[in-house]
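Colleague: Got a moment to go through this one with me? I'd like to know what stands behind each label.

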Amino acid sequence: MGAGIAQVAATAGHQVLIFDNNTAALDKARSGLDSTLKKLVEKGKLAEQSAAEIAGRTKYVSSLADFKDCGLVIEAIVEDLGVKQQVFAELEGIVAETCILASNTSSLSIASIGSACKKAERVIGIHFFNPAPLMPLVEIIPAILTAEQVTKASKELVDQWGKVTVLTKDTPGFIVNRVARSFYGESIRIYEEGIADFATIDWAMRSVGGFKMGPFELMDFIGNDINYKVTESVWTQFFYEPRFKPSLTQKRLYEAKLFGRKTGRGYYNYAEGAVMPKPVEVEELGKAIFYRVISMLINEAVDSLHLGLATPKDLDLAMTKGVNYPKGLLKWADEIGLQIVLNILSGLYEEYQEDRYRPSVLLKRMAKEGKTFY
Ligand SMILES: NC(=O)c1ccc[n+]([C@@H]2O[C@H](COP(=O)([O-])OP(=O)(O)OC[C@H]3O[C@@H](n4cnc5c(N)ncnc54)[C@H](O)[C@@H]3O)[C@@H](O)[C@H]2O)c1
């Protein structure tokens, strides 16, 4: 992830230093960048001269002390709070007073990372999506002590890099990794209840919803280890909020190391010669699956708006630019009709009597008043 972010910054014209305490990882970053630049030149997407300049602006350093003249440091090391805090505290003693210290963390609180620094005002979350050079979205996450100027400067800088930035709060999963949870969780629930199999649910979300990938193929693509861990982390950090509750189905895959494509098997079998199961393409079933999942996703986006996580525009941009949703969820809510979404959720809530299905109070208010998001 760090090498990808370095490529973005060097391409934008910055002098970039890359450090990793594992020299093999540093070598891998160097050969990875060299081969990416070579491929871009071969495909005619980058001039040879520009590729040489980008490579020339990127230095691989052997010590954090080399960062002393940096104006911005983006940390993308192992997802471990203790290690990150140690590195931030060390960095603070090396860089100038004005240097911004950012973390690319996906799941840790920026406030807790910043607490390792004497000057927590300079600490911010700048969260890229993988692969950083290709994914347009970057979440900008000021923590409780982050200075306004640091937020402004970070956002302006990443905007200049040609990225789409969204401003959000220092809450678990930020926007994307929180709002997307139901795409996976509700789909697994539908499977667990025997309503449809993986292939049928994937088919429904693709063909009725227009998603590029269905939830199970996407989880297999991301890796069930990563996807399960993110779900568990968001759920526990939200004090066991039932909407984010992980599933035993995915936990067992995780325990059995059936991580998906990278291990050859996850929800599907990717072994050579394995036959992919065929979906049950029944329109009524497809629509029922889609409307249940999309209503849960919309509810999360609406509740995020209700809690001031981001603006409607940024909430929608996050899902279209960060995870390629075909439409922003609030726009989708307007199109489907807020009262229809509310009826679906209220029906589920009534039937299951589970907090997981409670409609956001903002959805209820807006539906009652006949309002729309746009
Ligand atoms: N992989 C993703 O899809 C993704 C997406 C967004 C954000 N992130 C975040 O980016 C960060 C890195 O993720 P990744 O997938 O690239 O991890 P990774 O394990 O591939 O890379 C982490 C690197 O950090 C190095 N490292 C560990 N401790 C270090 C230290 N003390 N000093 C210097 N280097 C050290 C390791 O040697 C390793 O090369 C994490 O915080 C993760 O949450 C990852």
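Modeller: Sure, let's take the labels one by one. Keep in mind that this is a predicted model.

Colleague: Let's start with strand β5, residues 123–128. Why is β5 called largely enclosed by the rest of the structure?

Modeller: Count its residues: six of the six are buried, so the label follows. Both faces take part. Val123, Gly125 and His127 point one way, Ile124, Ile126 and Phe128 point the other way, and all are buried.

Colleague: Take Ile126, then. What makes Ile126 count as buried?

Modeller: Ile126 sits in strand β5 and has 25 C-beta neighbours inside 10 Å. The cut-off for buried is 20 or more, so with 25 Ile126 counts as buried. One partner in space is Thr151: the two are 25 residues apart in sequence, and their C-alpha atoms are 9.6 Å apart.

Colleague: How do you know that β5 pairs with β4 and with β6?

Modeller: Pairing takes at least two bridges. Strand β4 (residues 100–103) and β5 have three bridges, in the parallel sense. Between β5 and β6 (residues 137–142) there are five bridges, and those strands run antiparallel. Gly125 shows up in both pairings: Ser103 stands opposite Gly125, and Gly125 stands opposite Ile141 in β6.

Colleague: And the loop between β5 and β6: which residue there has a cis peptide bond before it?

Modeller: Pro131, which is placed in that loop. The bond joins Asn130 and Pro131 and is cis, with omega at about -5°. Asn130 also turns up around the ligand, as one of the closest residues together with Met1, Asn22, Ala25 and Ser106.

Colleague: How many residues surround the ligand in total, and what classes are they?

Modeller: 18 residues surround the ligand. By class, that shell has nine nonpolar, seven polar and two charged residues.

Colleague: On to the helices. Why is α13 called oblique to α15?

Modeller: Helix α13 (residues 283–306) and helix α15 (residues 329–336) pack at about 120°, with axes 9 Å apart. That angle makes α13 oblique to α15, because roughly perpendicular stops at 115 degrees and roughly antiparallel begins over 145. As for handedness, α13 passes α15 in a left-handed crossing.

Colleague: What makes Phe239 count as exposed?

Modeller: Exposed takes 12 or fewer neighbours. Phe239 has 7 C-beta neighbours inside 10 Å, so Phe239 counts as exposed. You'll find Phe239 in the loop between α11 (224–237) and α12 (248–255). Its phi is near 55°, a positive value in a residue other than glycine.

Colleague: Gln353 isn't a glycine either; what is its phi? And is Gln353 buried or exposed?

Modeller: Phi of Gln353 is positive, about 55°. With 8 other C-beta atoms within 10 Å, Gln353 is exposed. Gln353 lies in the loop between α16 (338–352) and α17 (361–368).

Colleague: One more: why does Gln160 count as exposed?

Modeller: The limit is again 12 or fewer, and Gln160 has 10 C-beta neighbours inside 10 Å, so Gln160 counts as exposed. Gln160 belongs to helix α6 (residues 148–160). Gln160 and Ala12 are 148 residues apart in sequence, yet their C-alpha atoms are 7.8 Å apart in space.

Notes
Residues numbered from 1 in each chain as written. Predicted model: local features only at pLDDT ≥ 70, side-chain atom pairs only at ≥ 80, totals over all residues. Near = placed C-beta within 6 Å. Nonpolar A, V, L, I, M, F, W, Y, C, P; charged D, E, K, R; others polar. Helix = DSSP H or I, 4+ residues; strand = E, 2+ residues; numbered from the N terminus. Axes fitted to C-alpha atoms, helices over the stretch in contact; angles between N-to-C directions. Parallel < 35°, antiparallel > 145°, perpendicular 65-115°, else oblique. Left-handed = near helix turned anticlockwise from the far one by under 90°.
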